[in-house]
Amino acid sequence: MRHAPLEAGALGRAVDAPAASARRTEIALDSGSPEATERIGARVGALLADGDVVALTGELGAGKTCLARGILRGLGVADVVQSPSFVVERRYAGRLAAHHLDLYRIEGARAIGELGIPDRFAESGVFVVEWADRAAGFLPDQRLEVAIEDLGGTERRVRIAGPRARLAPLAAVAG
Ligand SMILES: Nc1ncnc2c1ncn2[C@@H]1O[C@H](COP(=O)(O)OP(=O)(O)OP(=O)(O)O)[C@@H](O)[C@H]1O
Ligand SMILES: [Mg+2]
């Protein structure tokens, strides 16, 4: 799959998460626009494999849905609509089945259990989970964690943590 190059200024740096095991790493990429955030998402989507769970965190309006849209595009989903906020989950068919969840309104272990989490993650396809912090403790260890920080205006910092081998293509971008 081909991607537009990340715009100048969207490049970040690769930093090793201090507490992470040697097999995990964290990459920070800066974005200056919704389009750049979506392109970062598309790069993440392109490297996903069956069974992956992407845990998205960040404040209201940080850009989680924007990034998720990019991830779905990177998975080859043609028409991605809006956030699944009101339905909790939307499913898409790309090169893999894709489940887009939004746990914003989900509170507590019981509600998480009613959604079938964590057993659901054994289903085929990939899961992209907004407000993943709501399901802390129920997510697989091998997840990719994507945290978006609003730096003001349209500036965002996207931190991507996960297995080092999996993130290698992104590390090359981050330099
Ligand atoms: N660099 C950027 N990346 C992403 N979004 C940006 C950026 N700059 C501005 N925005 C704006 O910030 C908003 C992000 O909205 P989005 O729905 O993606 O956030 P969210 O984290 O999913 O919010 P919520 O917690 O409500 O689900 C959009 O209005 C978007 O246009
Ligand atoms: Mg959202």
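Let me begin at the ligand: of the 18 residues around ligand 1, the ones that come nearest are Thr-37, Gly-63, Lys-64, Thr-65 and Thr-154. Please keep in mind throughout that this is a predicted model. If we sort the shell around ligand 1 by class, we find 10 polar residues, five nonpolar and three charged. As for where these residues sit, helices H1 and H2 each supply at least two residues of that shell.

That brings me to H1 itself, which runs over residues 34–46 and has 13 residues. From its first C-alpha to its last, H1 reaches 18 Å, which is close to the 18 Å expected at 1.5 Å a residue. Which residues of H1 are buried? They are Ala-36, Thr-37, Glu-38, Arg-39, Ile-40, Gly-41, Ala-42, Val-44 and Gly-45, and I would point out that Thr-37 is also one of the residues that come nearest to ligand 1. What covers the buried residues of H1 includes helix H2, at 64–74, together with strands E2 (24–31), E3 (53–57), E7 (144–152) and E8 (155–163).

Let me now turn to the strands in the middle of the chain. Strand E4, residues 89–93, pairs with strand E5, residues 97–102, in the antiparallel sense and over five bridges. The two are joined by a hairpin, which passes from E4 to E5 through three residues, and the bridge partner of Ala-93 is Ala-97 in E5.

On to the next pairing, where the sense changes: E5 and strand E6, residues 126–130, pair in the parallel sense, again over five bridges, and here Asp-102 has Glu-130 in E6 as its bridge partner. Between E5 and E6 the chain crosses through helix H3, residues 108–114, and this β-α-β crossover is right-handed.

Finally, let me step back to the chain as a whole, in which there are four helices and eight strands. Read along the sequence, these elements follow the pattern β-β-α-β-α-β-β-α-β-β-β-α. The protein chain has 175 residues, of which 38% count as buried. How much of the contact set with a separation of 6 or more comes from residues 24 or more positions apart? Such residues account for 65% of those contacts in the protein chain.

To close where we started, H1 supplies at least two residues of the shell around ligand 1, and its buried residues are covered by elements including H2 and E7.

How values were computed:
Residues are numbered from 1 along each chain as its sequence is written. Chains are lettered from A and ligands numbered from 1 in the order in which they are written. This is a predicted model: local features need pLDDT of at least 70, side-chain atom pairs count only at pLDDT 80 or more; totals for chains, interfaces and linings use all residues. The expected span of a helix is 1.5 Å times one less than its number of residues. A residue is buried if 20 or more other C-beta atoms lie within 10 Å of its own, exposed if 12 or fewer, and partly exposed in between; C-beta atoms are placed from the backbone. Two residues are in contact if their C-beta atoms, placed from the backbone, lie within 7 Å. Two strands pair if DSSP finds at least two bridges between them. A crossover is right-handed if, with the strands pointing away from the viewer, the path from the first strand over the helix to the second runs clockwise. A residue is near a molecule or strand if its C-beta atom, placed from the backbone, lies within 6 Å of it. Ala, Val, Leu, Ile, Met, Phe, Trp, Tyr, Cys and Pro count as nonpolar, Asp, Glu, Lys and Arg as charged, and the others, Gly among them, as polar.
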